Every structure is written in C-alpha cells, then in structure tokens.
Amino acid sequence: MKLIDLTFEPGRAPGGFLKTERKDICLKSPGVEYTGVVYEFTMSSMAGSYLDLPGHIAETADGRDAANYPLEKLYRRRAVVIRLDRTDDSGGVTATELADACQAEIRTGDALIVNALGNRQFYEISERSVFFERNAVEWIIAQKVELLVSDIYESRALAGVFYQLFQAGISTVCFPVNLDKLKVPEIKLTVMPLPVRGVTQIPCRVVAEI
C-alpha cells in the first residue's frame, strides 16, 4: 500500500486565510509544573483543500453538513482517476476528452478524480483558465458519482458548474494537489474534514491509497 497526500497546505489557498495564535498556559500541581501549548484559529472555509457539500449553495442544500455527511462516503472509497495534460489558458475540457481518457469503469456511487492539468498544480495556471464545459459536467453527472475531486472546475464566466453538480447531489473537493502522482486508473480515497455541525464547506485532509 502506498499513501499519497493530496492536501494543499491550509493558509496558502487563493481567497482563503488562516491565522493561528499560540497561547502558553502554566500548569502546576504538587510535584509537577509545565507549560501547556494551545492554539486559537481564525480561518476561511477555503483555507486549503476543502470539501464542498451541496449546501455550499443555498438553493441546492440537501440537509447534509460536515457533521452528518455519512463517514462511509469519505473513507477509503473507490475513486476512478482521469488524467489529461491541459496547459495554462487552454480553455474548456469537454465530455469527449473525459470519456476518452477514462481507463476504468465508473460505478454508481464512486468518487471521480480529474487531473486535468497533468504535472501542473492548480495554482500554477491562470485562475479558471482551464475549466469544465457544460457537456463535461453533464457527462460527470451521468456517471452517477457522489464525489468529485478535481484541479479545475468553473470558468471565468461563472457558467454554473458547482450549481449543476450540487443539484445532482455531487459533493466536491477543491484545491487538491499532487494529482499527477496518481499513475493508476483507480485508487482508494479518504477525505477527512472535522465534523462541524451546520457547516457545508470545510477544510479537509485528502489522501489517496494505491
């Protein structure tokens, strides 16, 4: 078994922020004295790699949040990997591209990983200069996947990619890294958000198991 960390470091993501404050607390009792270190966090829900549930858009909310989302849908689930090699500012990815590059059967309820940028990380291209065309989104929905992990999503024109995915009940993981290290057509995928009640967008750890 090989583990590959797909997590983008919290605090580095565009549009996200993370502030930590360390507090030292003196703890003393008869016979022992030491300093406990605790931290206070101020952060965006897009601070690093993050899980987007359909409730991230109010109009597509389905009652699921980070606390009640079924754990079995996030832990060691089968994921099919599609690899492309799109360059900076190369425009829309089509359904045909996805279908032609798919080398494993996608089963109902699977996760889907789209590595559209080849060896490039999402932050190494102009923002939203590579994106899913509408027919690509329709193809993904037609596969009946439940979770999508991708290094591209929406265009600069805001065509409603997330709206369509969430309407179909598909959750997403945004800002993953190291997708280029997934050299096989299917893996086991684990996504680890904190179970915070009422929250529908939350930073997470993302791990691939080969």
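Mentor: Let us start with a term: a cavity is a set of grid points where a 1.4 Å probe fits but cannot get out. Keep in mind that this is a predicted model. A search of the whole structure finds one cavity of 30 Å³ or more.

Trainee: What makes a residue part of the lining of the largest cavity, and which residues line it?

Mentor: A lining residue has an atom within 4 Å of a point of the cavity. N115, G118, R120, Q121, F122, D151, P176, V177, N178, L179 and D180 line the largest cavity, whose volume is about 30 Å³.

Trainee: What makes the largest pocket a pocket, and how is it lined?

Mentor: A pocket is an open set of points, whereas the probe cannot get out of a cavity. The largest pocket has a volume of about 580 Å³ and a lining of 27 residues, with Y50, E127, R128, F162 and F175 lying nearest its centre. Strand 4 and helix 3 (161-167) are the elements that give two or more residues to this lining. The largest share, three residues, belongs to helix 3.

Trainee: Strand 4 also holds L51. Why is L51 called buried?

Mentor: The relative accessible area of L51 is 1%. Buried means under 20%, so L51 qualifies. Its contacts, leaving out residues up to four places away in sequence, include L74, L147, V173, P193, I202 and C204.

Trainee: How far apart in space are L51 and D110?

Mentor: Their C-alpha atoms are 16 Å apart, with their positions 59 residues apart in sequence.

Trainee: D52 lies in strand 4 too. How do you know that D52 has no salt bridge?

Mentor: A salt bridge needs a side-chain nitrogen of Lys or Arg within 4 Å of a carboxyl oxygen of Asp or Glu. The nearest side chain of opposite charge to the buried D52 is R128, 9.2 Å away. That distance lies outside the cut-off, so the pair is not counted.

Trainee: Which side chain joins D52 in a polar contact?

Mentor: The side chain of Q201 does, at 2.9 Å. The limit for a polar contact is 3.5 Å, so this pair falls within it. Beyond four places in sequence, D52 touches Q201 as well as F162, F166, S171, T172, C174 and T200.

Trainee: How many salt bridges does the rule give?

Mentor: The count comes to 14. Side chains of opposite charge can pair when their charged atoms come close.

Trainee: Why do E33 and K28 count as a salt bridge?

Mentor: Their N to O distance is 4.0 Å, and the cut-off is within 4 Å, so the pair is accepted. Exposed means over 50%; E33 has a relative accessible area of 52% and K28 reaches 62%, so both are called exposed.

Trainee: What makes E146 and K73 a salt bridge?

Mentor: Their closest N and O atoms are 3.0 Å apart, which satisfies the 4 Å rule. E146 sits in the loop between helix 2 (134-142) and strand 9 (147-150), and K73 in the loop between strand 4 and strand 5 (77-83), so the pair ties together parts 73 residues apart in sequence.

Trainee: Why are E146 and K73 called partly exposed?

Mentor: E146 has 25% relative accessibility and K73 has 21%. Both values fall between the 20% and 50% limits, so "partly exposed" is the term for them.

Trainee: Where do D110 and R78 lie?

Mentor: First, the side chains of D110 and R78 meet in a salt bridge with an N to O distance of 2.4 Å. D110 is in the loop between helix 1 (95-101) and strand 7 (111-115), while R78 is in strand 5, so this pair links distant parts of the chain, 32 residues apart. D110 has a relative accessible area of 7% and R78 one of 11%; each is under 20%, so both are buried. Elsewhere, salt bridges with shared partners join K73, R77 and E146 into one network.

Trainee: Why does L194 count as exposed?

Mentor: Its relative accessibility is 61%, and exposed means over 50%, so the term applies. L194 lies in the loop between strand 11 (186-193) and strand 12 (201-209). Past four places in sequence, L194 touches A66 and I202. The C-alpha atoms of L194 and R205 are separated by 9.4 Å, at eleven residues along the chain.

How values were computed:
Residues are numbered from 1 along each chain as its sequence is written. This is a predicted model: local features need pLDDT of at least 70, side-chain atom pairs count only at pLDDT 80 or more; totals for chains, interfaces and linings use all residues. Side-chain values use heavy atoms; hydrogens and water are left out. Helices (H or I, at least four residues) and strands (E, at least two) are DSSP runs, numbered from the N terminus. Buried means under 20% relative accessible area, exposed over 50%, partly exposed in between (1.4 Å probe, protein chains only). Lys and Arg count as positive and Asp and Glu as negative; His and the chain ends are not counted. A polar contact is a pair of N or O atoms within 3.5 Å; within protein, one must be able to donate a hydrogen and the other to accept it, and residues adjacent in sequence count only if both atoms are side-chain atoms. Contact means heavy atoms within 4.5 Å. On a 1 Å grid over the protein atoms alone, a cavity is a set of points where a 1.4 Å probe fits but cannot get out, and a pocket is an open set with protein on both sides within 12 Å along at least five of seven lines; lining residues have an atom within 4 Å of a point. Grid points are joined across faces, edges and corners, and a volume is the space filled by probe spheres set on the points.
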